[in-house]
Amino acid sequence: MKRDNYISWDTYFMGVAKLSALRSKDPATQVGACIINSDKRIIGIGYNGLPNGIKDEEFSWEKEGDFLKTKYPYVVHAEANAILNATTNLKGSSLYVTLFPCNECMKLIVQSGIKEIVYMSNKDHGKDFNQASTYMMEKAGIKARQITMETIVLEKDNI
């Protein structure tokens, strides 16, 4: 008889996204992403960080001040890195991400053919870029659903 106290696919793939986030050098926001195909196989992972070949210590991780002296013009988001790191075509795939995608990432998500987004946090809900992201997602027919730490903890408690 098989054991019945195993984690769900959602918990597993969000766990991979959360683990990937731990690679981020960003002191303020660590985001991880995991893309899976319809066969529940991981086909891309990523986290927010500077582009390959750029030394982390040579750039600022500040959030405020002169734009060119902040992290924003330089950091590649987790979703973009997962898409760039993908091992195959992403059409029809699902994206697990620890933070709801910004509008810039949503453009890449739509363009890549991802059809589902599973996210944990939407801390930027209501901000202009978040509204733009949601609007694009809806117009592209991409489904989204949120799973929270409470959902994962409850699932674990039921194991």
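Two strands pair if DSSP finds at least two bridges between them. Helices (H or I, at least four residues) and strands (E, at least two) are DSSP runs, numbered from the N terminus.

The model is predicted: local features need pLDDT of at least 70, side-chain atom pairs count only at pLDDT 80 or more, and totals for chains, interfaces and linings use all residues. Residues are numbered from 1 along each chain as its sequence is written, and side-chain values use heavy atoms, with hydrogens and water left out.

**Exercise 1. The hairpin**

Task: Describe how E1 and E2 are joined, and characterise Lys40 in the turn.

Solution.
- Step 1. Place the strands. E1 covers residues 32-36, and E2 covers residues 42-47.
- Step 2. Take the bridges. There are 5 of them between E1 and E2, and the two strands run antiparallel. Gly32 has Tyr47 in E2 as its bridge partner.
- Step 3. Look at the connection. E1 and E2 form a hairpin, with 5 residues between them.
- Step 4. Turn to Lys40. This residue sits in the loop between E1 and E2. Its phi is positive, about 60°, although Lys40 is not a glycine.
- Step 5. Check the exposure of Lys40. Buried means under 20% relative accessible area, exposed over 50%, partly exposed in between (1.4 Å probe, protein chains only). Lys40 is at 36% relative accessibility, so it counts as partly exposed.

**Exercise 2. The covered strand**

Task: Which residues of E1 are on each side, and are they buried or exposed?

Solution.
- Step 1. Count. In E1, 5 of its 5 residues are buried.
- Step 2. Split by side. Gly32, Cys34 and Ile36 lie on one side, Ala33 and Ile35 on the other, and all are buried. Both faces of E1 are thus covered.
- Step 3. Find the other partner strand. E3 (residues 94-99) is joined to E1 by 4 bridges, and the two run antiparallel. Here Ile35 stands opposite Leu95.

**Exercise 3. Leu95 and its surroundings**

Task: Where is Leu95, and which residues does Leu95 touch?

Solution.
- Step 1. Locate. Leu95 belongs to strand E3.
- Step 2. Classify. Its relative accessible area is 1%, so Leu95 is buried.
- Step 3. List contacts. Contact means heavy atoms within 4.5 Å. Leaving out residues up to four places away in sequence, Leu95 touches residues including Ala33, Cys34, Ile35, Glu79, Pro101 and Ile109.
- Step 4. Add a distance. The C-alpha atoms of Leu95 and Ile43 are separated by 10.0 Å, with their positions 52 residues apart along the chain.

**Exercise 4. Two buried residues compared**

Task: Where do Lys71 and Ala21 lie, and which residues does each touch?

Solution.
- Step 1. Lys71 is in the loop between E2 and helix H2 (78-84). At 6% relative accessibility, Lys71 counts as buried.
- Step 2. Beyond residues up to four places away in sequence, Lys71 touches Asp26, Ala28, Thr29, Ser60, Trp61, Glu62 and Lys63.
- Step 3. Ala21 is in helix H1 (residues 9-21). Its relative accessible area is 6%, so Ala21 is buried.
- Step 4. With the residues up to four places away again set aside, Ala21 touches Gln30, Val31, Gly32 and Tyr47.
- Step 5. Trp61 is 40 residues from Ala21 along the chain, and their C-alpha atoms are separated by 16 Å.

**Exercise 5. Helix H3**

Task: Which residues of H3 are buried, and what covers them?

Solution.
- Step 1. H3 spans residues 103-112, and its buried residues are Asn103, Cys105, Met106, Ile109 and Ser112.
- Step 2. The general rule: an α-helix has 3.6 residues a turn, so residues three or four places apart point the same way.
- Step 3. The cover includes H2, E3, strand E4 (116-121) and helix H4 (128-139).
- Step 4. Gly113 follows H3, with a positive phi near 95°.

**Exercise 6. The whole chain**

Task: How many helices and strands does the chain have, and in what order do they run?

Solution.
- Step 1. There are 5 helices and 5 strands.
- Step 2. From the N terminus the order is α-β-β-α-β-α-β-α-β-α.
- Step 3. Of the 159 residues, 40% are buried.
- Step 4. Of the contacts with a separation of 6 or more, 62% are between residues 24 or more positions apart.
- Step 5. The C-alpha trace spans about 60 × 35 × 30 Å along its principal axes.
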